[in-house]
Amino acid sequence: ADCDLEKAVKNALGSVFFNKGENCIAAGRIFVEETIYEEFLDRVVEETKKMKIGDPLDRSTQHGPQNHLAHMNKLIEYCDTAVKEGARLLLGGRRCDRSGLYMQPTIFCDVEDDMYIAKEESFGPIMVVSKFDAGDVDGVLTRANNTEYGLASGVFTKDINKALYVSENIEAGTCFVNIYNKTDVAAPFGGFKKSGFGKDLGKEALNEYLKTKTITIEFSV
């Protein structure tokens, strides 16, 4: 609740809808503190409605088509399952009424931890929002870490101690603080758990090109 809400909303949109959600570090879930939950939802819906859908070769386009038909069909099925399980659909959920494989930017809220969309990522333009109790940092960390994946994460707060606590305890190879999707060639990139091992970028990436040898010699003094 102590975040810059405008910045949090802007980055939430980018974390989910960048490249139509076809992004390895797309935010699979967004946890919002209960005290700002409804305001956050109102703002993300308002801003998402402003997105320009169109030709990806047009520089003014903010949302282009999905990669192929099979993926589009899986996204529709994903949304249908969410509705059946009781998630609240605020926006989208269907294919756009236009030629091409355009999926509507979609927002679900009131998502419970045992729902399908809370456990399986869509790899598409679908925002999954859950609420957490005010001040319950450890509780939301436990929920966020309850996944077999751990490539990237993020936290938005004006409290540096809270930011450091979350970034140290979140089980992900990257943790963005008050920003998202911002990477650098000098910073190692890679995941925890089933998100892989080893690192791209940074000096750590050089280890993939090395052969480490152990030589053991016995000698008499």
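This is a tour of a predicted model, stop by stop, with what to select at each one.

**Whole chain**

Start with everything shown as a cartoon. The secondary structure amounts to 6 helices and 8 strands, and their order along the sequence is α-β-α-α-β-β-α-β-α-β-β-α-β-β. Turn the C-alpha trace onto its principal axes: the span is about 80 × 40 × 35 Å.

Switch to a surface next. The protein exposes about 13,400 Å², and 51% of that area comes from carbon and sulfur atoms. Of the 221 residues, 39% are buried. Among contacts with a separation of 6 or more, 59% join residues 24 or more positions apart. Colour by charge to see 27 positive and 35 negative charges, whose mean positions are 6 Å apart.

**Asparagine 23**

Select asparagine 23, in the loop that runs between helix H1 (5–17) and strand E1 (30–33). Is this residue buried or exposed? Its relative accessibility is 13%, below the 20% cut-off, so asparagine 23 counts as buried. Show its surroundings: beyond residues up to four places away in sequence, asparagine 23 touches Phe18, Phe123 and Asn181. For phenylalanine 123, draw a distance between C-alpha atoms; the two residues are 100 apart along the chain, yet the separation from asparagine 23 is 6.8 Å.

**Histidine 71**

Keep phenylalanine 123 on screen and add histidine 71, which is in helix H3. Setting aside neighbours within four places in sequence, histidine 71 is in contact with Glu22, Gln66, Ser122, Phe123 and Gly124. Histidine 71 has a relative accessibility of 11% and counts as buried.

**Aromatic pairs**

Now display the aromatic side chains. The structure holds 2 aromatic pairs. In one of them, the ring centres of tyrosine 78 and tyrosine 116 are 5.8 Å apart and the planes stand at 65°, so this pair is edge-to-face. The pair links distant parts of the chain, with tyrosine 78 in helix H3 (residues 69–84) and tyrosine 116 in helix H4 (residues 116–119), 38 residues apart. Compare how each ring residue is covered: tyrosine 78 is buried, with a relative accessible area of 6%, whereas tyrosine 116 is partly exposed at 37%.

Move on to phenylalanine 176 and tyrosine 180. Their rings form a tilted pair, 4.7 Å centre to centre with 55° between the planes. Both phenylalanine 176 and tyrosine 180 are buried.

**Arginine 98 over a ring**

Select arginine 98 together with tyrosine 102. Where does arginine 98 lie relative to the ring of tyrosine 102? Arginine 98 is over the face of the ring, at 4.5 Å from the ring centre.

**Backbone with positive phi**

Finish with two backbone positions. Select aspartate 110, in the loop between strand E3 (106–109) and H4. Its phi is near 55°, a positive value in a residue other than glycine. Aspartate 110 is partly exposed, at a relative accessible area of 29%.

Then select lysine 193, which belongs to strand E8 (residues 192–193). Phi of lysine 193 is near 55°, again positive in a residue other than glycine. With a relative accessible area of 37%, lysine 193 is partly exposed.

Methods: Residues numbered from 1 in each chain as written. Predicted model: local features only at pLDDT ≥ 70, side-chain atom pairs only at ≥ 80, totals over all residues. Heavy atoms only, no water. Helix = DSSP H or I, 4+ residues; strand = E, 2+ residues; numbered from the N terminus. Buried < 20%, exposed > 50% of the residue type's maximum accessible area, 1.4 Å probe, protein only. Contact = heavy atoms within 4.5 Å. Areas by Shrake-Rupley, 256 points an atom, 1.4 Å probe, with all protein chains shown as cover. Lys, Arg positive; Asp, Glu negative; His and termini not counted. Charge placed at Lys NZ, Arg CZ, Asp CG, Glu CD. Phe/Tyr/Trp six-rings, centres within 6.5 Å; stacked < 30°, edge-to-face > 60°. Lys NZ or Arg CZ within 6 Å of the ring centre and 35° of its normal.
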